[in-house]
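Reader: I should like a close look at a single part of this model. Please describe the surroundings of the ligand, and then the charged pairs in the elements that contribute to them.

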Amino acid sequence: MSSPPEDEKGSLRRRYTAADLGVLTRGELSRFAPGGDCDPRADVTLAWELLYRLEPELYDRLVTAERLHPGVLGWLPRDADRIVEVGAGAGRLTLELVGRAREVVAVEPAAPLRQILERKLAEAEHGDRARVIPGFFDDLPVASGCADLVVACSALTPAAGHGGQAGLAEMERACRPGGRVAIVWPNHLGWLAAHGYEYVCFAGPMAAEFASHAEAVELARIFYPRAVAEVRRRGQRRVPYDVLGINPPRDLAFKKVPA
Ligand SMILES: C[S@@+](CC[C@H](N)C(=O)[O-])C[C@H]1O[C@@H](n2cnc3c(N)ncnc32)[C@H](O)[C@@H]1O
């Protein structure tokens, strides 16, 4: 086997092995490693799932730096009855939602991320309005038509294990007639457009805001290995997204569920 390129050593792609798959529950395995013999070094989405469970605080350090564009937050309802968020993670969006609804239901499969989210909610204003529950896109543990907004941020993809067609249908089932389903920071615009989703993108420069320059370099080594040299050279804790090589979290796709 050839050795990995220099910029990939220490990266998320090299961080875990198949021996780590034991951390996944049966329901998680069936969605994230359906073939049984999956390798997180060959499947980076599987490596992310292992990160959420094995090093959730490391993941939380990353998302703390990657804040959503104010335009996305401004688009969200301010006075909803109930909001359901799916794939809530460590709460990047959830913490923004709790002041906007009588109840927020945060669905998250990874138990260690649920623990971080619960800890943050306990410290947050209006955090008592949120319920954090386990669940998956394709089998949402909520009643039909229960929410004014059903939303996912950087979580839903067309792949069946990460939502897919069934996940989109479940989100729409959970939404009340006249309510909205929103996919924040979407990755597959054509797929969403084909399912009747409109696209909104907010302008302006955006940068990831790491706690320090040292933190920016350390996290880039793991998550953005190709950007490490430039992150180090710039000597700043703020790193524009084009340096990291990803789209900024400045957009969303949404659909109004027919009344
Ligand atoms: C990149 S993280 C985003 C977390 C959070 N929404 C945020 O923006 O910080 C993706 C999230 O989707 C969750 N996830 C992955 N597959 C899922 C599935 N099939 N059903 C529900 N959530 C899922 C993961 O556990 C993780 O919390």
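Author: The account below begins with the ligand and then turns to the salt bridges. The model is a predicted one.

The shell around the ligand holds 22 residues, of which Gly-87, Glu-108, Phe-137, Cys-153 and Gly-161 come nearest. By character, this shell divides into 12 nonpolar, six polar and four charged residues. Two polar contacts involve the backbone of the protein. A nitrogen atom of the ligand lies 2.8 Å from a polar backbone atom of Cys-153, and a backbone N or O atom of Gly-161 is likewise 2.8 Å from a ligand nitrogen. A side chain takes part as well: an N or O atom in the side chain of Tyr-59 is 3.5 Å from an oxygen atom of the ligand. The ligand taken alone exposes 580 Å², and the protein buries 96% of that area. Helix 3, helix 4 (56-65) and strand 1 (80-86) are the elements that give two or more residues to the shell.

Each of these three elements also carries a residue engaged in a salt bridge. Within helix 3, Glu-49 pairs with Arg-53, the closest N and O atoms being 2.8 Å apart. The two residues are separated by four positions, about one turn of the helix. Glu-49 has a relative accessible area of 8% and is therefore buried, the limit being under 20%. Arg-53, also with a relative accessible area of 8%, is buried too.

From helix 4, Asp-60 forms a salt bridge with Lys-120, with the closest N and O atoms 2.7 Å apart. Because Lys-120 belongs to helix 7 (residues 111-123) and Asp-60 to helix 4, this pair ties together parts that are 60 residues apart in sequence. Asp-60 counts as buried at 8% relative accessibility, whereas Lys-120, at 22%, counts as partly exposed.

In strand 1, the side chain of Asp-81 meets that of Arg-102 in a salt bridge, at 2.6 Å from N to O. Arg-102 lies in strand 2 (residues 101-107) and Asp-81 in strand 1, so the pair links parts that are 21 residues apart in sequence. Asp-81 counts as partly exposed, at 39% relative accessibility. Returning to helix 3, salt bridges with shared partners join Glu-49 and Arg-53 to Glu-28 in one network. A search of the whole structure finds 18 salt bridges.

How values were computed:
Residues numbered from 1 in each chain as written. Predicted model: local features only at pLDDT ≥ 70, side-chain atom pairs only at ≥ 80, totals over all residues. Heavy atoms only, no water. Near = heavy atom within 4 Å. Polar contact = N/O pair within 3.5 Å; in protein donor to acceptor, adjacent residues only side chain to side chain. Areas by Shrake-Rupley, 256 points an atom, 1.4 Å probe, with all protein chains shown as cover. Nonpolar A, V, L, I, M, F, W, Y, C, P; charged D, E, K, R; others polar. Salt bridge = Lys/Arg side-chain N within 4 Å of Asp/Glu carboxyl O. Buried < 20%, exposed > 50% of the residue type's maximum accessible area, 1.4 Å probe, protein only.
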